[in-house]
Amino acid sequence: MIIRKKFKFEGAHIVRDCSSNRCKKSLHGHSYIVEVFLTSNKLDYGQMIYDFGLTKGTIKDIIDSFDHAYAMWSKESDDFKSFIKANSDRYIIMPVSPSAECFSLTLLFLIDKILQATEFKNGEGDVRVRSVRVHETETGYAEAFREDLEWFNFSLKDIIFSSEIKNEWTDKEMYDKLIAYYDKQLGTKPFSNPVVSRHFE
Ligand SMILES: Nc1nc2c(c(=O)[nH]1)N=C([C@H](O)[C@H](O)COP(=O)(O)OP(=O)(O)OP(=O)(O)O)CN2
C-alpha cells in the first residue's frame, strides 16, 4: 500500500545545461508541488500507514526550507555564490543541479534520513519513503525512487541551508541533530513523534 502527501514551495533556480536560454541563463522561479509517497509493512494502531498529520513536523520543515529560497548547484562560481549569499536571505547550496530530477532525489534522500531518525510511537511498521515526485510546472515533473539514490553519493553535510532558513525551522538544531545521528555522535534517534491517544486498545 502507498500513501501520498502533497506539499508546496515557491522556489527559484537556474538549471544549467538545459536547452532553453531562459532556463539556463536566467534566474527564475516555479510554484513547486511535492508529492511524498510512503509505504510500510503494516498499519499503525489507527490502521494507517503513517498519520498524514505526523508529516507536518520535520518533513514539512525540510520541504518548506526551499520555499522563497534560491537553490543553487555547488558548482556555481564563487563570485555568484557570494552574490547570492550577500543578497538573498534564503538560499540552499546543493551538491547536485536544482533540476526537478535533483530536487526529487534530494528530498527523497532527506525524508528517508528523517524517517529513519524518528522514533515512531503509534504502532507503525517499517515506514519508508518510496518516492518523491516534484512538479516544476503544470506540465513537467520528476519522480525519484530509492534506487535512484545510487546515482549520487549524497551526504547530509553537502546540502547547505542558509541560517535564515534554519532559523525558521521548528527545531533550529534539526539538521545538526540529523548529521550528528548519522555520524554516530548521538545514541538515540533525534526525533520523536507524539503518542496519539487511543480510542480502542
Ligand atoms: N527534465 C527537465 N527538464 C527541464 C527542467 C528540469 O528540471 N528537468 N527544467 C527546466 C526549466 O526550469 C524550465 O523553467 C521549465 O521548463 P519547461 O517545462 O519547458 O517550462 P515551460 O513553462 O516553458 O513549459 P510549458 O510546456 O509551457 O508548460 C527546463 N527543462
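His 68 sits in the loop between α2 and β3, and this being a predicted model, its backbone geometry is a handy place to start. The phi of His 68 comes out near 50°, a positive value in a residue other than glycine. Most residues other than glycine have a negative phi. His 68 has 16 other C-beta atoms within 10 Å, so it lands in the partly exposed class. A second case turns up at Lys 184, where phi is positive at about 65° although the residue is not a glycine. Lys 184 belongs to the loop between α6 and β9 (191-192), and it counts as exposed because just 7 C-beta neighbours fall inside 10 Å.

On to the sheet. Seven strands make up an open sheet with mixed pairing, in the order β7-β6-β2-β1-β3-β4-β8. The edges are taken by β7 and β8 (160-161); each has a single partner strand, so one side of each is left without a neighbour in the sheet.

Starting from the β7 side, strand β7 (residues 141-145) and β6 run antiparallel and are joined by five bridges. The two form a hairpin, with five residues between them, and Arg 133 stands opposite Glu 143 in β7. β6 is also tied to β2, again antiparallel, through seven bridges; here Val 34 has Val 134 of β6 as its bridge partner. Next comes the pairing of β2 with β1, which is antiparallel over twelve bridges. Within that pairing, Lys 5 is matched with Val 36 in β2.

β1 and β3 run parallel, with two bridges joining them, and Ala 12 stands opposite Tyr 70 in β3. The pairing of β3 with β4 is parallel as well and holds four bridges, with Met 94 in β4 as the bridge partner of Trp 73. These two strands, together with helix α3 (residues 78-87), make a right-handed β-α-β unit. As for burial, β3 is mostly covered, with four of its five residues buried.

What about the packing? In soluble globular proteins, nonpolar side chains tend to be buried together. In this model, the largest nonpolar core has 42 residues, and the members touching the most others are Val 34, Leu 107, Ile 111 and Val 132. Two or more residues each are supplied by β1 (2-13), β2 (28-39), α2 (58-64), β3 (69-73), β4 (91-94), α4 (100-116), β6 (128-135) and α6 (174-182). The largest share comes from α4, which puts in eleven residues. Ile 111 gives a good feel for the wiring: leaving aside its neighbours within four places in sequence, Ile 111 is in contact with Val 36, Ile 59, Val 129 and Val 132. Two residues from the pairings above thus show up again, with Val 34 as a bridge partner of Val 134 and Val 36 as the bridge partner of Lys 5.

Finally, the ligand. Which residues surround the ligand? The shell consists of Val 15, Cys 18, Cys 23, His 28, Ser 99, Ala 100, Glu 101, Glu 136, Thr 137, Thr 139 and Gly 140. By residue class, the shell splits into four nonpolar, five polar and two charged.

Technical notes: Residues numbered from 1 in each chain as written. Predicted model: local features only at pLDDT ≥ 70, side-chain atom pairs only at ≥ 80, totals over all residues. Near = placed C-beta within 6 Å. Nonpolar A, V, L, I, M, F, W, Y, C, P; charged D, E, K, R; others polar. Core = buried A, V, L, I, M, F, W, Y, C linked by C-beta atoms within 7 Å. Buried ≥ 20, exposed ≤ 12 C-beta atoms within 10 Å, placed from the backbone. Contact = placed C-beta atoms within 7 Å. Pairing = 2+ DSSP bridges. Right-handed = clockwise from strand over helix to strand, strands pointing away.
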